[in-house]
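Dear colleague,

I am handing over the structure we spoke about, and below it you will find a written account of what turned up when it was examined. Please read the two side by side.

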Amino acid sequence: MVKVAGDLRVSSFPVHSRRYSDSGNGSEWQRKLDSFNRKTEALPSQSPLYSFRSYPNPYPGIVAEPQQQPDNKPQNDDVTCPVCGLKLPGENHHINSHLDVCLSRPNGKSTKRKLTQRTLLQLNFTRPLSKPKPETLSNGDNGVSPSVSPRNDECEEELTENHEIDLESTNSATSSSLPFNNVVPDGPDVDYKPSVDGVILETFIVGRKYTDREEVCPGTAISLLRDPHNVKDPNAIKVVSSDSACCRLLGFLPRELAQHLSPLIDNYGLGFQVHVSSVPKHSLDVVPIQIVCHTTSDGEIEYADETFKCLWKSAQRVVEFASRNPPSSVKYQVNFCLMLQEVLRNNIHLLTEDEKTYMESFTLLSNDSQRLFIRLYARKGPWFRLSSVSYPEIVDAQNAVKGLAEKEYICSVEDANQLYESDMNYILNVLTVSELREIWCILLKKSCGHGMKKQHLISSLLSTDAGILWPQLSTMILDRTGSCIRISSKAESLLWRAERLFFLNGGQDLSSFLLVDMGKIKYPTYNCIISDPVFPNRRNLLSYEEAIEVAQIMDEALDANKTDVVLRCIKLAESHVSTDLPIQYSSSESVSSIHRLFTASWVYSKVVTVGISFLEQERRYIDAVDLLKWLLNVFTSDVRRGFWTLRLSVDLEHLGCIDESLQIAENGVLDPWIRAGSKMALQRRVLRLGKPPRRWKIPCFSRSALQKVPEVLVQGRPLNSELGAKNRYYNEEGKQCGVEELALHYYAGEGGGWQGVHAESGIWLTIFGLLMWDVIYADVPNVFYTRFQNAPLDFGTDSFYTARKSSIESHLQQIRDGMAEEFLIKSWETHIGTACRGVNWDCHSLDELRAVVTCVGGTCLASLCQLLAQDYWSWSSGMPDLLLWRFHGDYSGEAKLVEVKGPRDRLSEQQRAWLLLLMDYGFMIEVCKVKPL
């Protein structure tokens with residue numbers, strides 16, 4: 001496997017392996033390269049979790065139980081990580097932080113694809129509330145019902161039915177964890193007098209799978225009981241059986257309704273009489289109920305309160321909306337349909353009439369057919385036994401299959417003649433190990449292959465040496481499996497396109513979306529101002545998809561060590577790059593710098609970059625040099641020029657072309673697109689290669705590049721000294737620790753009484769995100785496209801700073817003037833647990849961050865924030881290991897940054913660049929070298 005920097009690795013394009021995993025057959029690679037008929041690739045690779053605030057699900061029917069409200073109360077319940085399976089504490093920041101780390105690790109292709117689809121099954125994509133028709137409210141008021149957040153009792157901005165991405169307007173989005181809290185009346189309601197006594201609210205019992213499952217009958221009297229200590233939802237209202245001495249739990253009121261009724265019960269003593277309206281077909285479905293409200297004796301006075309009116313009208317609106325949108329669809333079905341609707345609405349110019357008709361036809365399918373398709377689409381496949389397809393929410397699987405087949409959403413086979421030889425590997429995976437072993441023994445006439453794994457049995461059956469005839473094998477397979485079904489290639493291709501257009505980003509749907517419906521993850525508040533689509537026309541989209549497919553094949557070939565396929569992919573990528581040379585992306589135009597990430601040329605350049613690392617590993621330096629020169633000529637305005645220039649200089653030196661290598665390095669030092677560690681490395685190469693007699697003149701940067709960094713020596717008793725192993729030591733207490741912990745122990749004692757943390761870049765990115773929160777999520781056109789972004793699309797590009805220059809500079813001046821701690825506290829208290837790029841809520845407490853901000857000082861903080869705002873991509877890694885601080889009195893102190901190195905370690909160029917830059921900014925810095933005793 002070729003090792004390349006993470007942002008350059010092709011594997012950051014999620015590989016479409018759910019249905020078409022490599023069979024190991026060499027002809028498969030040739031087939032993939034010779035044809036682009038299958039467009040089943042993944043999304044563009046970027047690190048952010050792009051999000052556009054989601055709205056609460058108005059379909060309460062399948063909600064398991066009341067979900068997490070947007071409060072900051074600690075939770076004790078554990079949550080299973082959808083990526084690695086570990087149990088996590090239930091707090092928002094614990095989950096956000098863990099997923100950031102967990103998803104940065106390379107996943108197996110099958111797992112990655114499976115999690116990609118789980119997004120669609122679990123994420124709450126539902127649209128906001130639409131305005132109710134007053135006459136539909138039973139015994140209610142004729143106004144549009146408002147909503148009050150129980151935490152601040154303030155009515156907020158109304159959600160209208162027309163909340164969608166508009167190319168000419170700004171649309172607000174709200175946090176997914178704030179259900180139904182953005183609704184206000186259409187106008188002033190000074191004369192509004194709520195009619196409460198006798199009003200009937202029709203709603204449902206939800207979350208029954210977590211209850212005692214007591215049987216209910218139509219007309220059964222039941223009771224409502226507040227559950228303020230519910231760890232999931234402090235506003236929870238339990239539904240219990242009133243005719244039972246033990247008040248057995250039947251379920252809960254929908255979270256959206258409970259949010260408004262709970263303060264009415266707690267603060268105003270509102271009472272209810274409740275009975276069951278009807279009984280559902282399935283035991284775990286929602287149970288329709290009627291709630292009859294009744295008031296207290298002094299209700300006329302209490303209910304004139306403005307807060308009561310807001311809460312009451314909000315509750316009515318929730319009930320009215322649910323009456324027009326009954327919970328007949330399970331949540332993943334709602335999410336999937338909404339995705340299709342938004343893609344059709346916002347990307348109409350990218351789809352043909354046939355594609356639009358085909359996607360629209362999905363909504364005409366029966367509920368069973370829709371649910372079955374989504375279930376199968378989420379599984380690895382591609383083939384499934386019809387006999388094993390069974391889900392509790394699907395009533396008639398046979399008719400569901402028939403409906404999907406009629407609309408060409410699935411393909412089915414019942415006879416061996418319907419199978420093709422190209423399906424052999426995939427259909428064999430449907431068999432169990434015992435079935436495979438039975439076929440293996442019959443066809444190969446050998447004793448049973450006990451101990452052989454499934455893939456070994458399949459490989460043996462597919463081997464050309466076995467001489468097995470396909471008709472014979474296919475008959476034996478179907479005799480054991482019965483009818484089999486699979487998602488059609490047409491549906492597969494088009495639905496992948498829909499996902500690509502909806503999410504825009506590859507890592508997006510592998511992230512914290514998976515826990516949104518549980519109320520565990522919150523997303524930032526921002527506005528969408530869209531005037532330019534990401535893909536201006538269909539041709540650009542198709543070119544981009546084709547490039548992604550090449551990148552995908554390249555990634556698979558690297559993992560399988562298919563050298564010939566890798567070389568063909570490099571050639572193909574080089575030949576497909578735009579002929580408009582050179583390709584430039586202006587840093588002054590936000591749209592250009594963002595949209596370049598969604599062009600075929602950018603993807604192909606990534607393929608070539610990874611190919612260069614492969615060629616260098618194979619010592620094919622001449623080929624690598626040719627490609628590097630080509631990239632530098634084509635992409636004249638790209639932050640990757642630093643990596644390309646440095647590799648070109650190094651490869652030329654390998655070829656013995658010292659003078660040319662020196663010239664490349666000298667030119668690179670002057671290139672404005674080469675920054676941070678790459679620039680430092682090139683400067684040091686110039687100084688090393690440019691000694692007399694090649695160069696007599698000393699470069700102007702020689703003093704800064706060779707500047708000595710203060711060092712301190714710390715000794716420790718080593719635990720091991722194996723080559724390549726991480727150094728371990730015993731501290732003074734006899735406990736094992738790493739070099740960083742040993743250094744922290746030293747600085748806390750004889751090193752000066754410092755407090756500190758081992759955080760590297762993490763704590764600084766957290767501080768940057770918190771201090772600059774309002775700037776990051778400011779109203780800027782064409783940077784928020786999707787429903788779930790944790791940062792604007794231009795975050796990390798040069799245009800982030802230029803598009804917000806005036807607001808950034810004003811904000812930085814306030815930080816210089818001593819406002820940093822106030823900004824920090826405000827952001828923490830307002831947004832704790834909210835997903836934001838770089839912010840880790842779990843690693844550092846507010847007290848630690850306040851101490852750091854106080855001791856570092858406004859001037860240094862402003863300089864650091866300005867650097868990250870201007871070039872986050874180049875400077876977001878490589879910061880010193882330790883951040884130390886100590887106070888001088890209550891309101892002043894000092895800070896020190898320390899890079900720790902073991903006996904055989906040395907500074908990387910990025911680390912050296914950081915240390916020198918921090919010294920220029922006025923930071924106290926130091927290198928701590930740990931030596932064995």
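**A charge over a ring, and the helix before it**

Arg640 lies over the face of Phe635, at 5.8 Å from the ring centre. Please bear in mind throughout that this is a predicted model.

Helix α20 covers residues 621-634. At 1.5 Å a residue, its 14 residues should span 20 Å, and the end C-alpha atoms are indeed 20 Å apart, which agrees with that expectation. Its buried residues are Tyr621, Ala624, Val625, Leu627, Leu628, Trp630, Leu631, Leu632 and Val634, and these pack against α17 (563-576), α19 (600-617) and α21 (641-654).

**The seven-stranded sheet**

An open sheet of seven strands runs in the order β16-β15-β14-β20-β19-β18-β17, and its pairing is mixed. The edges are taken by β16 (736-738) and β17 (755-758), each of which has a single partner strand, so one side of each is left without a neighbour in the sheet. On average, and with direction ignored, neighbouring strands of this sheet are turned by 40° against each other.

At the β16 edge, strand β15 (residues 728-730) is joined to β16 by three bridges, and the two run antiparallel; here Tyr730 stands opposite Gln736 in β16.

Further along the order, β18 (882-887) and β19 (893-901) pair in the antiparallel sense over six bridges, with Gly893 in β19 as the bridge partner of Phe887. These two strands form a hairpin with five residues between them, and in the turn Gly889 has a positive phi of about 90°. To strand β20 (residues 924-932), by contrast, β19 runs parallel, and six bridges join the two; in this pairing Leu897 stands opposite Ile925 in β20.

How enclosed is β19 by the rest of the structure? Eight of its nine residues are buried, so β19 is largely enclosed. Helix α30 (residues 846-856) lies across β17, β18 and β19, and runs at about 75° to β18.

**Leu770 and its surroundings**

Leu770 belongs to helix α26, which comprises residues 762-771, and with a relative accessibility of 0% Leu770 counts as buried. Which residues does Leu770 touch, once those up to four places away in sequence are not counted? The contacts are Phe823, Leu824, Ser827, Trp828, Val839, Trp841 and Leu849. One of these, Ser827, is 57 residues from Leu770 along the chain, although their C-alpha atoms are separated by 5.6 Å.

**Aromatic pairs**

A search of the whole structure finds 26 aromatic pairs. One that you may wish to look up is formed by Tyr358 and Tyr409, which are stacked at 4.5 Å centre to centre, with 15° between the planes. This pair links distant parts of the chain, since Tyr358 is in helix α8 (residues 353-361) whereas Tyr409 is in the loop between α10 (397-406) and β11 (410-413), 51 residues apart. Tyr358 counts as buried at 6% relative accessibility, and Tyr409 is likewise buried, with a relative accessible area of 1%.

Another pair is that of Tyr777 and Phe784, whose ring centres are 6.2 Å apart and whose planes are at 25°, so the pair is stacked; for a pair to count as stacked, the planes must be under 30 degrees apart. Tyr777 and Phe784 are both buried.

Tyr358 and Tyr409 also belong to one aromatic cluster, together with Phe336, Phe362, Phe373 and Tyr377.

**The three-stranded sheet**

The loop that holds Tyr409 leads on to β11, and β11 is part of an open sheet of three strands, with the order β10-β12-β11 and antiparallel pairing. Here β10 (383-385) and β11 stand at the edges with a single partner strand each, so one side of each is left without a neighbour in the sheet. From one strand to the next the twist averages 30°. Three bridges join β10 to strand β12 (residues 484-487), and these two strands run antiparallel; the bridge partner of Trp383 in β12 is Arg486.

With kind regards

Technical notes: Residues numbered from 1 in each chain as written. Predicted model: local features only at pLDDT ≥ 70, side-chain atom pairs only at ≥ 80, totals over all residues. Heavy atoms only, no water. Pairing = 2+ DSSP bridges. Helix = DSSP H or I, 4+ residues; strand = E, 2+ residues; numbered from the N terminus. Axes fitted to C-alpha atoms, helices over the stretch in contact; angles between N-to-C directions. Contact = heavy atoms within 4.5 Å. Expected span 1.5 Å × (residues − 1). Buried < 20%, exposed > 50% of the residue type's maximum accessible area, 1.4 Å probe, protein only. Phe/Tyr/Trp six-rings, centres within 6.5 Å; stacked < 30°, edge-to-face > 60°. Lys NZ or Arg CZ within 6 Å of the ring centre and 35° of its normal.
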